[in-house]
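Thank you for letting me take a few minutes today. Please have a look at the chain on the screen, and then I will walk you through it.

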Amino acid sequence: MNIIATLHPAGKDYGNMKINEVPTPFERPSSADGKGVDAETLAKRLEEANVSWSSISEEEEEEEEEESEEEKKKRESFQKKRKEHYNEFIEAKKKLAELEDADDENSDNEPTK
């Protein structure tokens with residue numbers, strides 16, 4: 001009991017510090033009645049979002065249609081290079097197989113002792 005009283009006093013925290021953290025900030029609903037967003041406001045917001053989203057997709061489609069010959073060649077060249085790059089693993093396997101075949105041929109040609 002003497003060791004416990006000496007080495008473990010009641011008020012000692014052993015280096016542990018309690019940190020008072022600030023509550024996480026978040027946006028609270030600003031409706032006056034506290035019930036949330038009314039149906040009309042929600043419908044308007046959804047309609048605005050849908051209109052803006054559809055206009056963005058229409059602009060992208062127009063950009064794709066207005067592609068010049070130079071841009072088309074550049075895009076096709078890029079796609080070809082991308083396919084070649086991602087085909088690199090297969091090429092590496094082929095090269096490894098060729099090296100193994102070359103090693104086998106060299107070991108066959110060596111004289112036995």
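Of the 113 residues of this chain, 0% count as buried, where buried means under 20% relative accessible area, exposed means over 50%, and partly exposed is in between, with a 1.4 Å probe and protein chains only. The accessible surface of the chain comes to about 12000 Å², and carbon and sulfur atoms hold 53% of that; such areas come from the Shrake-Rupley method with a 1.4 Å probe, and for residues only the protein chains shown count as cover.

I should say at once that this is a predicted model, in which local features need pLDDT of at least 70 and side-chain atom pairs count only at pLDDT 80 or more, while totals for chains, interfaces and linings use all residues. Residues are numbered from 1 along each chain as its sequence is written, and side-chain values use heavy atoms, with hydrogens and water left out.

How confident is the predictor? On the pLDDT scale, which gives the predictor's confidence in each residue from 0 to 100, the chain has a mean of 76, and 69% of its residues reach 70 or more. Confidence is lowest in α2, with a mean of 72, and highest in α3, at 89.

The chain has four helices and zero strands, taken as DSSP runs numbered from the N terminus, with H or I over at least four residues for a helix and E over at least two for a strand. Helix α3 covers residues 69–86, and its end C-alpha atoms are 26 Å apart, which agrees with the 26 Å expected for 18 residues at 1.5 Å a residue, the expected span being 1.5 Å times one less than the number of residues. The count of buried residues in α3 is zero.

In helix α2, residues 39–65, we find L42, which counts as partly exposed because its relative accessibility is 43%. Together with V37 and L46, L42 forms a nonpolar patch on the surface, with about 280 Å² of accessible area; patches join residues with over 30% relative accessible area and no salt bridge, like charges within 9 Å and nonpolar side chains (Val, Leu, Ile, Met, Phe, Trp, Tyr) within 5 Å.

Finally, the structure holds one salt bridge, meaning a side-chain nitrogen of Lys or Arg within 4 Å of a carboxyl oxygen of Asp or Glu. K94 forms it with E91, the closest N and O atoms being 3.7 Å apart.
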